[in-house]
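Visitor: Please take a close look at one part of this model with me, and then connect that part to its surroundings. I am new to reading structures, so I would be glad if you went slowly.

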Amino acid sequence: MLLSVRGLSVEYRQVGSANRTVTGASLEVPAGEVVGLVGESGCGKSTLALAVLGMTRRSGQIVGGSVEFEGQKLFDVSQGSSLTEDEWRAYRGREIGLVVQHPRGAFNPVKRIGEQIDRHYQVHSGASSGEARRRTLELLEQVGINDPQRRVNSFPHELSGGMAQRALIAMALSPSPKLLIADEATTALDVTIQEQILDLLDELRRTHKLGMIVVSHDMGVVANYCDRVYLMNAGEVVEHAPVERFFEEVAHPAAIALLAAQGVGHDHRAVRLRGLPVDTRRVPPGCRLHLRCPFASSDAGCSTVHPELSNFHDGHQVRCHRAADVTALAQAARPPAESDGGTDV
Amino acid sequence: MSSGDGDSRVAGDPADLLLAVDGLQKHFRVHGSKSVLQACNNVSFEVRRGETFGIVGESGSGKSTLGRCVLRLLEPSGGLIEFQGHELGALSKRELRLLRKDMQIVYQEPMESLNPLWRIGNQITEPLRNFTSMSKAERHARAVELLGFVGLRPEVADALPGALSTGMQQRCSIARAIAAEPKLIVLDEPTSALPPETETDIVTLLGDLQERLDLSYIFISHDLALVRRFCDRVAVMYLGQVVEIADRDELFARPRHPYTQGLLGSTLTPNPRARVGRGDRRVRLEGEIPSPIDLPEGCFLASRCPFVLERCQSEFQELRVLSDRHQTRCWRAAEGDLELAPEDQDVPASSREEAG
Amino acid sequence: MSVEPGEYGAVGDAADMGGERSGDAPLPPAGMGAQVKELLRRSWLVRIGLFLVAVAVLLAIVGPYLARFPLEEATPNANLPPSTTYWFGTDPNGFDVFSRVLAAPRIDVAIALVATAIAFFIGSAIGLLTGYYRGWPGEFVMRIADLIQSFPLYVLAIIIVVLTGRNFQNIVLVIALLNIPIYVRLVRSQVLSLRERTFVEAGKAAGTTDLNIAVRHVLPNGLSPALAQVPITIGFAILITAGLSFIGAGVRPPTPEWGVMVASGAESIIIGEWWISFFPGVAISLTVFGFAVVGEALRAVFLREV
C-alpha cells in the first residue's frame with residue numbers, strides 16, 4: 001500500500017470551542033491508483049487531503065490518527081510520534097506532491113516561474129541547474145504550455161490563472177513524486193486543457209505507478225480518472241467504493257444527492273438533502289445527516305445511533321443505517337409538488 | 001454594415017424574431033500599446049421568442065464580451081443589433097435606457113453584481129423604480145412576490161447581500177432581472193461561481209421562470225453539459241468568432257467543426273464506462289487558445305487542429321451554411337471532407353442515448 | 001428521542017430565508033450599528049476620544065452660557081492666578097480665563113465643523129463627478145487640487161485671510177478650500193475603481209440613469225475613506241483657526257477664542273503668569289487629540305475591508 005490513513009481527525013481551535021472538521025477518516029491509496037475524494041462544499045475533503053502531509057490551515061491541528069507512506073509512519077497521534085521537520089522535507093514535495101486550487105498563492109510573486117520550478121526540482125533531486133532547466137521545459141510542455149522557452153522567464157502575475165495552475169502542476173511533478181494530492185487542481189481550467197493534464201497524470205499513473213488523491217466536485221473527472229471514490233460528509237467518510245459501483249450501486253443518501261445534482265441517477269429535487277451543511281461544531285446525536293436526509297427514520301435509529309462504516313458489498317463500505325433500502329426509497333421518491341410562489345427548501 | 005459571413009438568418013416566422021445580431025465587432029485598445037485585442041469578430045446570430053440560445057466557448061473566446069455588447073452595456077465597435085425591431089446603435093441614450101426594460105442580464109459573480117449597501121428589496125425592484133410609476137409600497141409588495149418566484153422568503157427583502165449565501169444572492173440577481181418582465185435575459189455563466197450543489201437548483205429555477213414568464217435567454221457558458229441540458233440552439237465561439245451554430249440536438253449529435261468536436265470530446269461525462277476508448281478519439285485539441293491580440297491569417301484554429309491543411313493556414317474561413325439549422329466555419333467540414341459519424345468520434349455513451 | 005430541527009444548525013439562519021442549501025457560510029451583517037459598536041469596543045482610548053469630541057461639540061453649543069463672568073468686558077482684576085473665584089485665573093484684560101476657555105468652542109469648533117462640512121460635501125461631489133465622468137474636466141480639477149496642495153498651508157491661509165478680511169466666513173472658506181482637494185482625492189480614487197464594478201453595470205442594465213448610478217450606487221460605497229477623514233480634518237481645522245488667531249491673522253480679540261487667548265498670555269509666561277496661555281493651550285490639545293483618536297478609530301473600522 002502506497003498510503004494508509006487511519007482514523008485521522010482535524011480540529012480547528014476557536015475561542016471557546018473546537019471545530020472537528022474531519023473525524024476519524026481512513027483511506028488507502030495503492031500505488032498506481034487514483035482515489036477520488038468527493039463531497040459537498042465544506043465537508044472536510046480538502047482538510048483531509050492536506051492533513052495527509054501533516055499540514056493544516058490556520059488554527060487547525062491534527063488531533064488523532066496516523067499516516068503511513070510505503071510502510072513508513074509519517075505520524076501517529078496516539079503514540080505522539082511524528083517526523084521531524086527535516087524528515088518531513090523528504091516527503092513533502094519529493095515523495096508526495098501537492099497541487100492546490102489557487103495557484104497564485106503558491107508561487108513567489110517576485111521570482112520567475114522557471115527559476116521556481118528549477119529550484120523545486122534541484123532541492124528534491126540534487127540535480128544541476130542545467131538538468132533542472134531541461135526538466136522544467138519538458139514538464140511545461142507536457143502540461144500544455146505553449147512556448148515554454150519564453151514562459152520560464154515570466155513572473156507569476158504575467159500568467160493567466162489557467163497557465164499558473166498548469167505551471168504549479170508541472171512544479172509538483174518535477175521531482176517525480178510517488179503520490180500526488182490534487183485539490184481541485186483542474187477545476188478552473190478549460191475542458192480541453194483539463195483533459196490534456198488529466199491524461200498526462202493518467203499516463204504517469206500507468207508508467208510510473210503514480211498514486212493520486214483527487215479532490216474534486218466534478219463527477220465527470222471522478223468517473224473518468226478515478227479508480228475508487230471516497231465520499232465525505234460532515235467530516236466523516238460516509239461511503240467508499242470502486243468507481244463503477246459508486247456510480248451505479250451507490251448507497252449513501254449524500255452520494256445519491258451529490259450524483260443527482262449533476263444529472264446522474266435520480267431527480268435531484270426528489271433526493272436532495274435539506275437545509276445547510278451540518279455545522280461540525282454542533283453535530284446532532286445519531287447519524288450526523290439525519291436532519292437533512294430525506295430517508296431518515298427513527299425506527300432505523302437514524303436520530304439516536306451513530307452509524308458505523310460497514311461492509312455493504314465487497315470493497316464497498318457505507319455509513320448508513322438504511323443502506324440496504326436507500327436505493328429503493330430513492331427510486332420511489334417523487335419531487336415535492338411546488339406551491340405557487342412558494343419556497344423550495 | 002453587413003457581414004461577409006454568409007446568411008446567418010434561420011428559417012422561421014419573422015414575427016418570432018426577438019434579436020438579430022449582424023456582424024458584431026468589439027475591439028479593445030491594449031493599454032499602453034498600439035495593438036488591438038479583437039474580442040468579437042463579425043458575430044452574427046438570432047434569438048427567437050421563447051428560446052434559449054447558448055453561447056459556449058473556452059475562457060478568452062469573447063463570449064462574455066459578446067453578451068454585454070448585445071445589450072450595449074459595452075459599446076460595440078461595429079455591427080448591427082436589432083432588438084424587437086429597434087436598431088440599438090441608432091437609439092438615443094434615453095431610448096436605449098427605456099428599452100432596457102425588455103432586456104436584462106444576470107452576471108457570473110452574484111456578490112459582485114449586487115450593491116453591498118442596498119437592501120435586497122430595493123435592489124431587486126430597481127428596474128421598477130426606473131421603468132414604472134409604482135409607489136414604494138407597491139414596489140415592496142412586488143419585491144416579496146419576486147422573491148417568491150425565485151424561491152426565497154419575504155424576509156430576504158430586508159437583508160443586505162453580505163448576509164446571504166452566494167446561491168441566494170444569485171436568486172436575488174435573477175429576481176432583479178425578471179422584475180420588469182423583460183423579453184430577453186442574458187445569462188452570463190450564472191452558475192459557475194456557485195457551489196456545485198446549487199448549480200442544478202439555479203438551472204431548474206431558470207427553466208421554470210422561462211415557462212412562466214415567456215422569456216428568451218442567451219445562455220453564456222463554458223460548460224457543454226449544461227448548455228446541452230438547457231439550450232435550444234447553440235453557437236460555439238473560438239477567439240471571438242462563431243465557429244459553429246446549430247440546433248442543440250444537431251450540434252451534439254453531428255458536430256462538424258473540429259473545434260466543436262474537440263470540445264465535445266474533452267467534456268467528461270459522469271459515467272465511468274465512458275472512459276473506455278476515450279484515449280483513442282480522433283479529435284484532440286493540443287496546446288492552448290492563441291492570444292486574441294495577434295490573430296492568425298487563415299483559420300483561427302489552424303494551430304490546434306488535427307486536420308489542418310495548407311489551405312487552412314492562408315485562407316480566412318467564412319461561416320458556411322450546411323443546412324437551414326446548421327452552419328460551420330470550416331471548409332473541409334462544409335465540403336464533406338471531415339465526415340465524422342457520431343460513432344467515429346466517440347461521443348460518450350450516456351450522451352449518445354440522450355441525443356438519440 | 002426527537003431532535004428539533006434548528007437546534008444543531010442543520011436548518012440554520014440562512015436556510016430560514018429560503019433558498020437552496022448553501023455550502024458557503026453567510027457573512028456576519030455589516031450594518032452601521034455593528035460598526036459603531038465595534039468602534040466603541042475597540043479600546044478605552046477611543047472612548048476617551050469620543051468623550052472629548054462630545055464635550056467640544058457640547059461646548060460649541062452651550063459654552064457661552066456657562067460663563068461665570070462677562071466674556072468681553074475688561075475688569076481691573078488683571079493677571080490674577082487661579083483661585084476659588086477665578087478658577088483658571090484672569091488675563092491682562094481682566095477676563096476670566098475659565099469662562100472664556102468654555103466659550104471659545106463657539107468659535108473654534110464651529111469654524112472647524114462648518115469648514116469641514118463644506119470641504120466634505122464639495123470635495124466629495126467633485127471627486128464623484130470627476131471620477132465617474134472621466135475626461136479633461138476631471139484632469140483640470142486635479143491639477144488645480146495639486147496647485148492648492150503644493151502651497152505651504154499656513155502661508156496660504158494667512159495670505160488669503162489677510163487679503164479677504166479677518167471674519168468668520170473668510171476663515172471658514174479658507175479652511176474649507178484647503179481641505180477640499182483631500183476629499184476630492186479620497187473620493188475620486190474610490191470612484192475610479194468602483195465604476196468598474198459589476199453592480200454599477202447592473203444598475204445601468206436596470207435602467208438607472210448615469211447620475212443616479214453615480215449618486216446612489218457609487219458614492220455610498222466610496223465614502224468610507226472620506227468619512228474617516230472628517231474628524232481628522234476637524235482637529236486640523238481647529239489647529240489652523242487657533243494658529244491664525246495666534247499670529248493675529250484670524251479671529252479678532254477680544255472675542256473668546258483659544259488661539260487669541262494663548263497669544264494674549266504668551267509674553268507673560270516668562271514672568272511666571274503661566275495660566276493665561278496654559279488653559280486654552282490644553283483645551284486645544286485635548287480637542288484636537290479627541291478628534292484625531294476618533295478619526296483613527298473610524299479609519300480602522302471603515303477601511304478594514306477595503
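**Chain B and what surrounds it**

Guide: Of the 356 residues that make up chain B, 60% count as buried, and you should keep in mind from the start that this is a predicted model. The secondary structure of chain B amounts to 14 helices and 12 strands. When we take the contacts in chain B with a separation of 6 or more, 66% of them are accounted for by residues 24 or more positions apart.

Let us look next at one loop of this chain. B:Glu181 sits in the loop that runs between helix H7 (166–178) and strand E7 (184–188) of chain B. The phi angle of B:Glu181 is near 50°, which is a positive value in a residue other than glycine. Is this residue buried or exposed? The cut-off for exposed is a relative accessible area over 50%, and B:Glu181, at 51% relative accessibility, therefore counts as exposed.

Chain A offers a residue to set beside it. A:Asp147 belongs to the loop between helix H4 (129–142) and helix H5 (148–151) of chain A, and its phi, near 55°, is a positive value in a residue that is not glycine. With a relative accessible area of 38%, A:Asp147 is described as partly exposed, because that class lies between the limits of 20% and 50%.

Chain B also meets chain A directly, since 36 residues of chain B are in contact with 42 residues of chain A. The size of an interface is often given as the accessible area lost when the parts come together. Between chain B and chain A the buried area is about 3,200 Å², and carbon and sulfur atoms give 43% of that area. On the side of chain B, the residues that lose the most area to chain A are B:Leu268, B:Arg275 and B:Glu288, which together make up 21% of what that side buries.

We can now follow how helices pack, beginning within chain A. Helix H6 (residues 161–173) and helix H7 (residues 191–208) of chain A have axes that come within 12 Å and cross at roughly 10°, and H6(A) and H7(A) are therefore roughly parallel to each other. In this contact H6(A) supplies A:Arg166, A:Ile169 and A:Leu173, while H7(A) supplies A:Ile193, A:Ile197, A:Leu200, A:Leu201 and A:Leu204. By class, these are seven nonpolar residues, no polar ones and one charged residue.

A helix pair in chain C is arranged as follows. Helix H11 (residues 224–246) and helix H13 (residues 275–302) of chain C pack at an angle of about 170°, and their axes are 8 Å apart, which means that H11(C) is roughly antiparallel to H13(C). The crossing of these two helices is left-handed. Among the residues that make the contact are C:Leu227, C:Ile234 and C:Leu239 of H11(C), together with C:Val288, C:Phe291 and C:Leu298 of H13(C). The contact residues divide into 14 nonpolar, five polar and two charged.

Helix H11 of chain C also holds C:Ser245, which is buried, with a relative accessible area of 4%. Leaving aside its neighbours within four places in sequence, C:Ser245 is in contact with C:Gly250, C:Val251, C:Glu257, C:Gly259 and C:Val260. Its C-alpha atom and that of C:Arg166 are separated by 9.4 Å, although the two residues are 79 residues apart along the chain.

Notes. Residues numbered from 1 in each chain as written. Chains lettered and ligands numbered in written order. Predicted model: local features only at pLDDT ≥ 70, side-chain atom pairs only at ≥ 80, totals over all residues. Heavy atoms only, no water. Axes fitted to C-alpha atoms, helices over the stretch in contact; angles between N-to-C directions. Helix = DSSP H or I, 4+ residues; strand = E, 2+ residues; numbered from the N terminus. Parallel < 35°, antiparallel > 145°, perpendicular 65-115°, else oblique. Left-handed = near helix turned anticlockwise from the far one by under 90°. Contact = heavy atoms within 4.5 Å. Nonpolar A, V, L, I, M, F, W, Y, C, P; charged D, E, K, R; others polar. Buried < 20%, exposed > 50% of the residue type's maximum accessible area, 1.4 Å probe, protein only. Buried area = accessible area lost by both parts, 1.4 Å probe.
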